[in-house]
Amino acid sequence: MHELSVVASLVETIEELVRENKAKAVTGIWIKVGPLSGVVPELLESAFDMYRKGTVVEKARLSIEKPPLRALCRACRRETERADYSPACPVCGSTDLEITGGTDLLLERVELETDEPA
Ligand SMILES: [Zn+2]
């Protein structure tokens, strides 16, 4: 399962943040998963649940944000947004599209619990 290795490297990054900030725990994680990122949000969520036990993210709340797919049509120069990939421009029907957004897989924010007062 591809998502499990994605989770493994995410947790690795977060563990580093925890060490750098001398945090006690991770309370929240925000991830952005675009429709063309190659990762299925639902699978990412279940992979995370499988993986979290015994790691720094065990008690963290996971929030997955799904940005829309953005495509610029080279025929009518209109940029449109949609939830899923479709091969044609919704305005003019051209298939000459340039993908301008929705391919990201980003660790957006991590909320840490530290000893210092916020
Ligand atoms: Zn168009």
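How many residues does helix 1 have, and how far does helix 1 reach from its first C-alpha to its last? Helix 1 (residues 2–20) has 19 residues and reaches 28 Å, close to the 27 Å expected at 1.5 Å a residue; the expected span is 1.5 Å times one less than the number of residues. Helices here are DSSP runs of H or I with at least four residues, strands are runs of E with at least two, and both are numbered from the N terminus. The model is a predicted one: local features need pLDDT of at least 70, side-chain atom pairs count only at pLDDT 80 or more, and totals for chains, interfaces and linings use all residues. Residue numbers start from 1 along each chain as its sequence is written.

Helix 1 has a buried side and an exposed one. Glu 3, Val 6, Val 7, Leu 10, Ile 14 and Val 18 are the buried residues, where buried stands for 20 or more other C-beta atoms within 10 Å of a residue's own, exposed for 12 or fewer, and partly exposed for anything in between, with C-beta atoms placed from the backbone. These residues cover an arc of only 115° around the axis, so they sit on the same side of helix 1; the arc is taken over the directions from the helix axis to the C-beta atoms. On the face turned away from that side are the exposed residues His 2, Ser 5, Ala 8, Ser 9, Glu 12, Thr 13, Glu 16, Arg 19 and Glu 20. The cover over the buried residues of helix 1 includes strand 1, helix 2 and strand 6, with contact set at C-beta atoms, placed from the backbone, within 7 Å of each other.

Just past helix 1 comes Lys 22, in the loop between helix 1 and strand 1. Lys 22 is not a glycine, yet its phi is positive, at about 50°. It counts as exposed because it has 10 C-beta neighbours inside 10 Å.

Next, the sheets. Strands of a sheet pair through backbone hydrogen bonds, either parallel or antiparallel; in this analysis, two strands pair if DSSP finds at least two bridges between them. One open sheet has 3 strands in the order 2-1-6, with mixed pairing. Strand 2 and strand 6 are its edge strands, each pairing on one side only. From one strand to the next, the twist averages 15°, given that axes are lines fitted to C-alpha atoms (for helices, over the stretch in contact) and angles between N-to-C directions run from 0 to 180 degrees.

Strand 1 (residues 25–33) and strand 6 (residues 105–113) run antiparallel and are joined by 8 bridges; Lys 32, for one, has Leu 106 in strand 6 as its bridge partner. Strand 1 and strand 2 (residues 61–65) run parallel, with 5 bridges between them, and Trp 30 has Ser 63 in strand 2 as its bridge partner. Between these two strands the chain passes through helix 2 (residues 41–51), and this β-α-β crossover is right-handed, in the sense that the path from the first strand over the helix to the second runs clockwise when the strands point away from the viewer.

Both helices lie across strands of this sheet. Helix 1 lies across strand 1 and strand 6, at about 35° to strand 6, while helix 2 lies across strand 1 and strand 2, at about 165° to strand 2. Leu 44 belongs to helix 2 and counts as buried because 23 C-beta neighbours fall inside 10 Å. Apart from neighbours within four places in sequence, Leu 44 is in contact with Glu 3, Val 6, Val 7, Val 33, Val 39 and Ile 64.

Another open sheet has 3 strands in the order 4-3-5, with antiparallel pairing. Strand 4 (79–82) and strand 5 (97–101) stand at its edges with a single partner strand each, so one side of each has no neighbour in the sheet. The twist here averages 35° from one strand to the next. Strand 3 (residues 69–73) is joined to strand 4 by 4 bridges, and Leu 69 stands opposite Arg 82 in strand 4.

Two loop residues round this out. Arg 77, in the loop between strand 3 and strand 4, has a positive phi of about 60° although it is not a glycine, and it is exposed, with 9 other C-beta atoms within 10 Å. Ser 86 lies in the loop between strand 4 and strand 5 and is partly exposed, with 13 other C-beta atoms within 10 Å. From Ser 86 to Val 18 the C-alpha separation is 40 Å, with their positions 68 residues apart in sequence.

Conventions:
Contact = placed C-beta atoms within 7 Å.
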